[in-house]
Amino acid sequence: MRIDVVTIFPDYLAPLELSLIGKAREQGLLDVRVHDLREHAHDRHRTVDDSPYGGGAGMVMRPEPWGEALDALVASAPDAAPPRLLVPTPSGMPFTQAMARDLAAEPWLAFACGRYEGIDERVMGYAAQRMPVTLVSLRDYVLNGGEVAVLAIVEAVARLLPGVIGNAESLVEESHEDGLLEYPVYTKPASWRGLDVPDVLLSGHHGAIAAWRQAQRVERTATRRPDLLPPD
Ligand code: JF5
């Protein structure tokens, strides 16, 4: 999979060189290219923002650098289908594990990182004439820019790519793969600072362990995420 990220802070994406994603890149499973939007700003101060038409607080990202940056992405692979463009924003569609699965099946993703009050709306319109565009939200809070959201989305997607995680089972038995939160996990020692591992886990009764874990999943989900349970 190829992933392009356009940002005014390329250094923010440095963590994509680490750990599992860094290794996936070294192995050629993932081709990540980070681009500085200011390469496409041609005035003396390489300006990428301006005040909003209609007034209001803050600044808006100007469309011209974004138009050039998107054109450059498409032109970088003239024989390929264009990438799916993802734009992190608090006003986007909620990002989910199901969305991560869908995105992991794409050959090419591009991310547009907004800053300030956002990107001139015409950029999304222009892009949508050329490629699939999805506005995506990490839910109901506000970040200073899309970069941290990109880190989260790229990690959620990349770990689903064939070869990136060794143990395929560890991908299935996870929160949000089947609509319930995960059960609690324990390791040695069996007793630690007066706190004991639940007896059932030491019992060797696989049926009892599975039943206990499922009950824990339902209980946790009811407590922490009742929105995930079917209405009764
Ligand atoms: C951003 C305008 C982008 O704040 C976010 C965000 C929150 N959930 N998901 C993404 O993105 C940065 C802020 C303002 C555009």
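Modeller: pLDDT is the predictor's confidence in each residue, from 0 to 100. This is a predicted model. Among the elements of the chain, strand S6 (residues 108–112) has the highest mean pLDDT, 99, and helix H6 (residues 169–172) the lowest, 64.

Biologist: How do you know how confident the predictor is in the chain?

Modeller: The chain averages a pLDDT of 95. At least 70 is scored by 97% of the residues.

Biologist: What makes H6 a helix?

Modeller: A helix needs at least four residues in a DSSP run. H6 covers residues 169–172, so the run meets that minimum.

Biologist: Where does the ligand sit?

Modeller: The ligand sits in the largest pocket. That takes more than half of its atoms within 2 Å of the pocket's grid points.

Biologist: Which residues come nearest to the ligand?

Modeller: Pro88, Leu138, Tyr141, Leu143 and Gly145, of the 14 residues around the ligand. Strand S5 (residues 84–94) gives the largest share of the shell, three residues. The shell divides into seven nonpolar, five polar and two charged residues.

Biologist: Why is the approach of Leu138 to the ligand called a polar contact?

Modeller: The cut-off is 3.5 Å between N or O atoms. A polar backbone atom of Leu138 is 2.8 Å from a nitrogen atom of the ligand, so the pair qualifies. A backbone N or O atom of Arg139 lies 3.4 Å from a ligand nitrogen atom; that pair is within the limit too. For Leu143, a backbone N or O atom lies 2.8 Å from an oxygen atom of the ligand. The protein covers 94% of the 370 Å² of accessible area that the ligand has on its own.

Biologist: What makes the backbone at Arg46 worth a mention?

Modeller: Most residues other than glycine have a negative phi. Arg46 is not a glycine, yet its phi is positive, about 50 degrees. Arg46 is found in the loop between strand S2 (31–36) and strand S3 (49–50).

Biologist: Which peptide bond is cis?

Modeller: The one joining Lys188 and Pro189, with omega about 5 degrees. Most peptide bonds are trans. Pro189 lies in the loop between H6 and strand S8 (191–192).

Notes
Residues are numbered from 1 along each chain as its sequence is written. This is a predicted model: local features need pLDDT of at least 70, side-chain atom pairs count only at pLDDT 80 or more; totals for chains, interfaces and linings use all residues. Side-chain values use heavy atoms; hydrogens and water are left out. A residue is near a molecule or strand if one of its heavy atoms lies within 4 Å of it. A polar contact is a pair of N or O atoms within 3.5 Å; within protein, one must be able to donate a hydrogen and the other to accept it, and residues adjacent in sequence count only if both atoms are side-chain atoms. Accessible areas come from the Shrake-Rupley method with a 1.4 Å probe; for residues, only the protein chains shown count as cover. On a 1 Å grid over the protein atoms alone, a cavity is a set of points where a 1.4 Å probe fits but cannot get out, and a pocket is an open set with protein on both sides within 12 Å along at least five of seven lines; lining residues have an atom within 4 Å of a point. Helices (H or I, at least four residues) and strands (E, at least two) are DSSP runs, numbered from the N terminus. Ala, Val, Leu, Ile, Met, Phe, Trp, Tyr, Cys and Pro count as nonpolar, Asp, Glu, Lys and Arg as charged, and the others, Gly among them, as polar.
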